[in-house]
Amino acid sequence: MSFIIQYLLHPRSVGAVKPSSKHLARKMVGDVDFQRAGCIVEIGAGTGVFTEEVIKRKRPSTKFIVFEINHVFYKGLKKKYGKCPNVRIIHDTAGHMGEHLAKYGIPKADYIISGLPFASLPKEASGQILRECRDCLSPKGLFITFQYTKWKIPLFLGYFPSISIKKECRNIPPAYVLGCRKTKKRKQKKDVTT
């Protein structure tokens with residue numbers, strides 16, 4: 001089944017009529033330090049546009065946990081990436097992330113990359129998933145998501161007080177990539193000694 005059919009069948013959970021562009025995918029992983037990452041999580045992987053970028057760049061020893069609730073997309077991801085080293089494709093909601101990380105002996109994720117359509121998800125589901133992401137992210141970790149507008153930024157600020165924004169115009173529609181952290185970066189004090 002094509003992406004557009006899955007959108008028509010499940011518009012609230014798929015959230016777009018076509019997959020993200022390669023340009024957006026590269027921007028989504030641009031701030032990931034693949035040499036240091038011990039665990040990367042992806043939620044709402046869809047057809048695997050972001051998944052492919054992570055697998056191309058990650059070290060074989062880096063654990064990569066991929067969540068997809070849509071059965072058709074899950075089967076496609078499992079077939080394509082299920083045998084890659086340290087990759088786990090999970091058919092479940094990201095709201096159960098903590099349980100799955102514990103199952104694989106992973107205390108926290110260094111990066112969480114989200115393809116979820118928070119603009120169309122029910123408020124309760126969005127809250128549960130964002131709480132889980134915050135709780136499963138390491139203290140210095142980064143939660144990366146994208147949105148087509150900025151109107152959901154206040155929602156993300158409720159869970160991640162520090163957010164950087166980058167725009168990617170080479171996507172249909174253009175998108176904002178949000179890099180979200182659990183703590184605000186401290187401003188360095190100016191040296192006032194004479």
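Lys103 is exposed in this predicted model, and its relative accessible area is 61%. This lysine belongs to helix 6, which covers residues 97-103. Together with Lys63, Lys78 and Arg88, Lys103 forms a positive surface patch. Membership of such a patch calls for over 30% relative accessible area and no salt bridge, and the 61% of Lys103 is in keeping with the accessibility part of that requirement because the value lies over the cut-off.

Helix 6 also offers a buried residue for the reader to look at. His100 is found in this helix, and with a relative accessibility of 14% it counts as buried, because the cut-off for burial is under 20%. Leaving aside residues up to four places away in sequence, His100 touches Phe67, Ile90 and Asp92.

A wider view helps to place these details. The protein chain has eight helices and seven strands. Of its 194 residues, 46% count as buried. Among contacts with a separation of 6 or more, 67% are between residues 24 or more positions apart. The accessible surface of the chain comes to about 10,800 Å², and carbon and sulfur atoms account for 56% of that area.

Helix 4, made up of residues 49-57, is a good place to follow burial in the model. Within this helix, Val49, Phe50, Thr51, Glu53 and Val54 are buried. What covers them? The cover includes helix 3 (22-28) and helix 5 (71-81), along with strand 1 (39-43), strand 2 (63-67), strand 4 (109-114) and strand 5 (137-147).

Charged side chains of helix 4 also take part in pairing. Side chains of opposite charge can pair when their charged atoms come close. The whole structure contains nine salt bridges, and several of them can be followed from helix 4. Glu53 is buried, with a relative accessibility of 0%, yet its side chain meets that of Arg57 in a salt bridge with an N to O distance of 2.3 Å. Arg57 and Glu53 sit four residues apart in helix 4, about one turn of the helix. Arg57 itself is partly exposed, at 32% relative accessibility.

Glu53 has a salt bridge with Lys56 as well, where the closest N and O atoms are 3.3 Å apart. These two residues are three positions apart, again about one turn within helix 4. Lys56 is exposed, with a relative accessibility of 52%. Why can residues at such spacings face one another's side? An α-helix has 3.6 residues a turn, so residues three or four places apart point the same way. Another salt bridge reaches beyond helix 4. Glu52 pairs with Lys22, and their closest N and O atoms are 3.2 Å apart. This pair links distant parts of the chain, with Glu52 in helix 4 and Lys22 in helix 3, 30 residues apart. Glu52 is partly exposed at 25% relative accessibility, and Lys22 is also partly exposed, with a relative accessible area of 34%. Which residues are linked with Glu52 in a network of salt bridges? The network joins Lys22, Glu52 and Lys80.

How values were computed. Residues are numbered from 1 along each chain as its sequence is written. This is a predicted model: local features need pLDDT of at least 70, side-chain atom pairs count only at pLDDT 80 or more; totals for chains, interfaces and linings use all residues. Side-chain values use heavy atoms; hydrogens and water are left out. Patches are made of residues with over 30% relative accessible area and no salt bridge: like charges are joined within 9 Å, nonpolar side chains (Val, Leu, Ile, Met, Phe, Trp, Tyr) within 5 Å. Accessible areas come from the Shrake-Rupley method with a 1.4 Å probe; for residues, only the protein chains shown count as cover. A salt bridge is a side-chain nitrogen of Lys or Arg within 4 Å of a carboxyl oxygen of Asp or Glu. Lys and Arg count as positive and Asp and Glu as negative; His and the chain ends are not counted. The place of a charge is taken as NZ of Lys, CZ of Arg, CG of Asp or CD of Glu. Buried means under 20% relative accessible area, exposed over 50%, partly exposed in between (1.4 Å probe, protein chains only). Contact means heavy atoms within 4.5 Å.
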